[in-house]
Amino acid sequence: MAERLLPLTVPLGAYPERAERKARWSDRAWDGLARTGARHGRANRISLRRFVERVAAHGREFEGRNRGALADEAERLRRSFLSDGLTDEIVARCFALVREAGSQVLGQRHFDVQMIGGRVLLHGMVAEMETGEGKTLTATLPACAVALAGVPVHIVTVNDYLARRDAEWMGPIYETLGLSVGTIVHGMDHDARRAAYACDVTYCTNKEIAFDYLRDRITLADSPSRIHLQLERLCSSRPRDSRLLLRGLHYAIVDEADSVLVDEARTPLIISSAVGGDDERRVYEKALELADELQPGRHFTLDRGDQKVDFTGAGRGRLHELSRPLPGVWRRRRQREELVHQALTARHLFKRDRHYLIRDGKVQIIDEYTGRTMPDRSWEHGLHQAIEAKEGCPITKQNRPVARISYQRFFRRYRRLAGMTGTAREVAGELGAVYDLAVVRAPTNKPLRRTALPTRVFARADDKWRAIVDRIATLHREGRPILVGTRSVDASEHLGRLLDEAGLPYRILNARQDREEADIVARAGERSMITVATNMAGRGTDIRLGDGVAGLGGLHVLATELHDARRIDRQLFGRCGRQGDPGSHEAMVSLEDELVEQHGGWLVRRLAARLKRRPGAVDRRLGLLLVRIAQRAAERRHSTARKDLLRMDIYLEKALAFTGSGE
C-alpha cells in the first residue's frame with residue numbers, strides 16, 4: 001500500500017469532506033459489487049499474511065521497551081507518516097507498536113487476525129469479523145496510524161454506552177502513544193463537543209455526529225471558502241469557524257457497520273424548530289374521533305408491510321360528510337385528510353410496546369433494529385402528536401424541518417470511510433453501491449464451535465410459545481445458560497409471564513431496562529441463567545461463559561421469531577460460540593408471526609391460513625419456505641425504502657437548498 005491515506009500536504013479547505021457522488025443503483029451492479037468484494041477479499045489473503053509477518057518482525061524489536069520508549073517511537077512514526085505517507089512498511093511498524101502498547105497497558109495483545117482486520121479498515125473497507133473477535137481492540141490499529149499521520153479519526157458506534165466504554169477502555173493505548181481521545185455522548189454542551197472533536201481520536205454515536213454535522217452546515221450557511229472564513233476571523237468578534245464543532249469529515253471507522261449504514265439508513269436525520277399552537281390537543285383528539293368513524297376495507301386500506309394507510313373514494317366522501325359541521329382546519333380538504341390519515345396510522349399501525357413505549361408520561365420511539373428507545377426522536381408530519389393524543393400524553397409541538405440529511409449521504413462525505421461488523425456479506429452489494437465499500441471477511445482466531453440446530457415452524461403462535469417454554473425448561477435443568485431473542489417489548493414480556501407460570505427464573509432485557517443492559521448481557525453466560533431480550537442484547541457486550549458452562553455445551557441462543565433481515569438473525573446467533581467457545585442456536589417460529597403476516601404476500605398468507613388448521617408443528621420444509629419467502633420480501637422492501645430515501649434526499653438538496661449545500 002504505497003499510498004497516502006489522502007494527499008495530506010494538499011490544503012484541506014474550510015471544512016474538508018468528500019464531494020458528492022452518484023450511487024450505482026442497477027440490480028446488476030448491486031449483485032456484481034457483492035461478488036467483486038468477495039473476490040477482493042480472496043485476492044488479498046496472501047498479501048495480508050505477508051503484512052502480518054512484517055508486523056511480527058517489527059514487534060520483536062519493541063518487546064520489553066518501557067512506555068517512554070514507546071512514546072518516543074510513536075513520535076518518530078509521526079514524522080515518517082507526514083513525510084512518506086501511510087506506506088505498508090511504516091504501517092506495519094505502527095501496528096507492531098500499538099500491539100506492544102496494548103499488551104503493556106491493557107494486558108491485551110492484538111491477535112494476528114486483528115492485524116488483518118486493522119489493515120482492511122485502513123484501506124477503507126468493511127472488515128467482517130465474527131462476534132468476540134475483538135473489533136473494539138482492532139479499531140485502535142488504524143486509528144493510531146491515521147491519527148499519528150495528523151488526520152482526525154472518528155470511531156462511530158451505535159449508542160452512548162459503547163462510545164463511552166470504548167473510549168475509556170482503549171484510552172490508555174492512545175495516551176501511551178501521545179494521542180488524545182475524546183468522547184461525544186448525548187447531552188453534552190457545545191464547548192464540550194468542540195473539545196472532544198479537537199482530539200486526535202473521537203468516539204461517538206452515528207446519531208450524535210450526524211446531527212453535529214448538520215449543525216455545522218447551518219453555521220456555515222453558504223459554505224464559504226477558506227479565504228472568506230479567514231477574512232471573517234479578522235473582522236468579526238465571533239467568526240463562524242470558531243463556532244464549528246467538527247474539523248471536517250476525514251476518516252471514520254463505523255462499528256456495527258451494517259446496523260449504522262444499512263438498517264438505520266431508512267430514516268432521515270432532521271433538525272427542526274417547534275411550531276404550533278395550544279389547541280393542538282383538540283385537533284388531534286378530533287382527528288382520532290373521525291378516524292374511528294371510518295371502516296377498514298371500505299373507507300381505507302392498510303399495508304402493514306410498508307406501514308401505510310390509503311383512503312378509498314368512499315372514505316374521502318365519508319370524511320367530507322363528518323367534517324361538514326366542523327370549523328377551521330376541518331373545512332380544508334387537504335389538511336383534514338392529512339390529520340385523519342395520521343390518526344388512522346397511529347390507531348392501526350403503531351402499537352404500544354412494539355413501536356414505542358410510554359416513559360415519564362412521554363411517547364418514546366423504540367428502534368426496531370436495536371430495541372432501544374430514542375427519547376429525543378419524534379415522528380414527522382403530526383404522527384407523533386396523533387400517537388400522544390391516542391395515549392393521553394401531553395402533546396408536544398410539531399417540528400418544522402430546518403436541515404436534513406440521510407445517513408447514506410452523510411457517511412459518503414467522509415474522505416475515507418471504513419467499517420467493521422460480524423454480519424455484512426448479505427448487504428455487500430449495497431455497501432459497495434452506496435458507500436463504495438468492499439467487504440473483506442477476516443478469519444477467526446480460533447475455530448468456530450457453534451452448532452446450528454434445525455428451525456421449528458408452528459402453525460399457531462400459542463403452540464410456538466408452549467414449545468419455547470418447554471425447551472427453555474429442558475435446557476435450564478441441564479444447567480446451560482439460555483439467551484432468548486424476541487422482536488418487541490411486548491413479546492419479551494409475554495414470554496416473561498409464561499416463564500413465571502412455569503416457575504422458571506429469568507432476567508429480562510428490553511427498552512424498559514436499557515440502563516441495566518451491560519450488566520444483564522454480561523451475566524447471560526452464567527450457569528442456568530435465562531435471559532429474555534429484544535434486539536439490543538445482540539451487540540456490543542461480550543457474553544463470557546461461567547465456570548463449567550463450556551463442558552455443558554456453552555450458551556444456547558433461542559430465537560422466538562425471525563427478523564426482517566437474515567443478518568439480524570445471524571447477529572443474535574453470533575452471541576454464542578465466541579472465541580472458540582462451544583455454543584448452539586436455533587429458531588422457533590410460527591406462521592402467525594409479524595414477519596409472515598406483514599411481508600408474506602397473499603399467497604403465503606393463504607397457505608399459512610390452511611396450515612393453521614392443524615395444531616402443533618408443521619412440515620419443516622414447507623413452513624420454513626413460507627417464512628423465508630416473507631423474509632426475502634421484507635429485505636427487498638427495506639432495500640427499496642433505503643434507495644428511495646437517498647433519491648429523495650438528493651432531490652431535496654437540489655430543489656430546496658435549506659442551507660449550505662442543500663441540507
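Contact here means heavy atoms within 4.5 Å. With that in hand, welcome to a set of close-up views of a predicted model.

**View 1. Helix 4 and helix 8 meet in a right-handed crossing.**
On the helix 4 side, V98, A101, G102 and V105 make the contacts, and their counterparts in helix 8 are P172, I173 and T176. Helix 4 covers residues 88-105 and helix 8 covers residues 160-176. Their axes come within 9 Å and cross at roughly 125°. The two helices are therefore oblique to each other.

**View 2. Helix 15 and helix 16 form another right-handed crossing.**
Here the axes of helix 15 (residues 333-348) and helix 16 (residues 383-391) come within 9 Å, with a crossing angle of roughly 55°. That angle makes helix 15 oblique to helix 16. If you would like to follow the side chains, look in helix 15 for Q342, A343, T345, A346 and R347. They meet L383, A386, I387 and K390 of helix 16.

**View 3. Strands 9, 10 and 11 build an open antiparallel sheet.**
The three strands are arranged in the order 9-10-11. Strand 9 (356-359) and strand 11 (373-374) are the edge strands, each pairing on one side only. Between strand 10, residues 362-366, and strand 11 there are two bridges in the antiparallel sense. One place to zoom in is I366, whose bridge partner in strand 11 is T373. As a reminder, strands of a sheet pair through backbone hydrogen bonds, either parallel or antiparallel.

**View 4. Strand 19 is covered on both faces.**
Strand 19 spans residues 530-533. I530 and V532 lie on one side, T531 and A533 on the other, and all are buried. Strand 17 (residues 482-485) pairs with strand 19 in the parallel sense over four bridges. Within that pairing, G485 has A533 as its bridge partner in strand 19. Strand 18 (residues 507-509) also runs parallel to strand 19, joined to it by three bridges. There, the bridge partner of R507 is T531.

**View 5. Helix 23 is largely enclosed by the rest of the structure.**
This helix takes in residues 566-573, and six of its eight residues are buried, so it is largely enclosed. The buried residues are R567, I568, D569, Q571, L572 and F573.

**View 6. C144 and C94 do not form a disulfide.**
The cysteine sulfur closest to that of C144 belongs to C94, at 6.2 Å. A disulfide calls for two cysteine sulfur atoms within 2.5 Å, so 6.2 Å is too far for a bond. By this rule, the model holds zero disulfides. C144 has a relative accessibility of 0% and so counts as buried. C576 is buried too, with a relative accessible area of 1%.

**View 7. The whole protein chain puts the close-ups in context.**
The chain contains 26 helices and 21 strands. Of its 663 residues, 57% count as buried. Contacts between residues at least 6 apart in sequence can be sorted by separation, and 75% of them join residues at least 24 apart.

Conventions:
Residues numbered from 1 in each chain as written. Predicted model: local features only at pLDDT ≥ 70, side-chain atom pairs only at ≥ 80, totals over all residues. Heavy atoms only, no water. Buried < 20%, exposed > 50% of the residue type's maximum accessible area, 1.4 Å probe, protein only. Pairing = 2+ DSSP bridges. Axes fitted to C-alpha atoms, helices over the stretch in contact; angles between N-to-C directions. Parallel < 35°, antiparallel > 145°, perpendicular 65-115°, else oblique. Left-handed = near helix turned anticlockwise from the far one by under 90°.
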